[in-house]
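User: I'd love to walk through this model with you, one question at a time. Could you reason each answer out for me?

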Amino acid sequence: MLWKASLFLKHFFYLASNLRPMEYSSKLLENAVNALSQLPGIGKRTALRLVLHLLNQPEDQTLQLSQSLQKMREEINFCKNCHNISDTELCEICANPNRDSQLVCVVEDIRDVIAIENTSQYKGHYHVLGGKISPMDGVGPGDLKIPTLVQKVKNGGLNELIFALSSTMEGDTTNFYIFKQIEDYDILTTTIARGISVGDELEYADEVTLGRSILNRIPFESSLKST
Ligand SMILES: [Zn+2]
């Protein structure tokens, strides 16, 4: 009985020590830790480790880091055609005359563009939605770059739209929403072949699998029948 009580106390004090807010000897240090811990996946302890690391480095290294972040935030552009992150008005892909502008691959964000570009199997353009429809997270169609995509289709000049969103419920909902908006227009809609398993995020697929699934894409409507 006694050992049980002592185990309980040990456990209690362990938990209490973890719950106690961290004490900082400097307000400047605390501010930096708080700022870094706003980033996803960075807790207070990791933030403190990073701040202490920066303090051990030459001062201009920290300056360089903060300046590059500030410059990125102030000067970054989004391509006016595909909404990909870009330094120029038109991104390198949209500005490249060797790419097929009549073929458009619909993706969630820049990570998917990078993943597909790494396969070297795709020579069309992209349309970056900036997310997926997700009522749980409060993201509706109006929060995404869907109207410009629908307008592109309405304007004509596109041969094929490839849906390359991840195969999750949100991805499927988004595909279907867009499909319903454009199904009356004369355009081929396809979806990447499901070498990418259900629930997989595109950016984690290996290059060969992802490359193959783009080459072996299937008509979007047949993907609806199979689910
Ligand atoms: Zn672009």
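User: How are α2 and α3 oriented to each other: parallel, antiparallel, perpendicular or oblique?

Analyst: Happy to help, and please keep in mind that this is a predicted model. The axes of α2 (residues 27–36) and α3 (residues 44–56) come within 8 Å and cross at roughly 120°. Angles of 65 to 115 degrees count as roughly perpendicular and those over 145 as roughly antiparallel. The crossing angle therefore makes α2 and α3 oblique.

User: Which hand does the crossing of α2 and α3 have, left or right?

Analyst: On the α2 side, the contact is made by L29, A32, V33 and L36, and on the α3 side by K44, A47, L48, L50 and V51. The crossing of these two helices is right-handed.

User: How do α6 and α9 lie relative to each other?

Analyst: Helix α9 spans residues 207–215, and its axis is 8 Å from that of α6, at an angle of about 90°. The contact brings together A115, I116, N118 and T119 of α6 with E207, L210, G211 and I214 of α9. Since 65 to 115 degrees is the range for this class, α6 and α9 are roughly perpendicular.

User: Which strands are at the edges of the open sheet?

Analyst: The sheet has 5 strands with mixed pairing, in the order β4-β3-β5-β6-β7. An edge strand here pairs on one side only. That picks out residues 124–128 and 218–219, which are β4 and β7.

User: What is the bridge partner of V106 in β4?

Analyst: Good one to look up in the viewer! Strand β3 covers residues 100–107 and runs parallel to β4, with 5 bridges joining the two. Within that pairing, C105 is matched with Y126. For V106, the partner is H127.

User: Through which helix does the chain cross from β3 to β4, and what is the hand of the crossover?

Analyst: After β3 the chain passes through residues 110–119, which form α6, before it reaches β4. This β-α-β crossover, by way of α6, is right-handed.

User: Is β4 largely enclosed or largely open, given how many of its residues are buried?

Analyst: A residue is buried if 20 or more other C-beta atoms lie within 10 Å of its own. In β4, 4 of the 5 residues are buried, so the rest of the structure leaves this strand largely enclosed.

User: What percentage of the protein chain is buried?

Analyst: The chain's secondary structure comes to 10 helices and 7 strands. Of its 227 residues, the buried part is 24%.

Conventions
Residues are numbered from 1 along each chain as its sequence is written. This is a predicted model: local features need pLDDT of at least 70, side-chain atom pairs count only at pLDDT 80 or more; totals for chains, interfaces and linings use all residues. Two strands pair if DSSP finds at least two bridges between them. A residue is buried if 20 or more other C-beta atoms lie within 10 Å of its own, exposed if 12 or fewer, and partly exposed in between; C-beta atoms are placed from the backbone. A crossover is right-handed if, with the strands pointing away from the viewer, the path from the first strand over the helix to the second runs clockwise. Axes are lines fitted to C-alpha atoms, for helices over the stretch in contact, and angles run from 0 to 180 degrees between N-to-C directions. Angles under 35 degrees count as roughly parallel, over 145 as roughly antiparallel, 65 to 115 as roughly perpendicular and the rest as oblique. A crossing is left-handed if the near helix is turned anticlockwise from the far one by less than a right angle, and right-handed if clockwise. Two residues are in contact if their C-beta atoms, placed from the backbone, lie within 7 Å.
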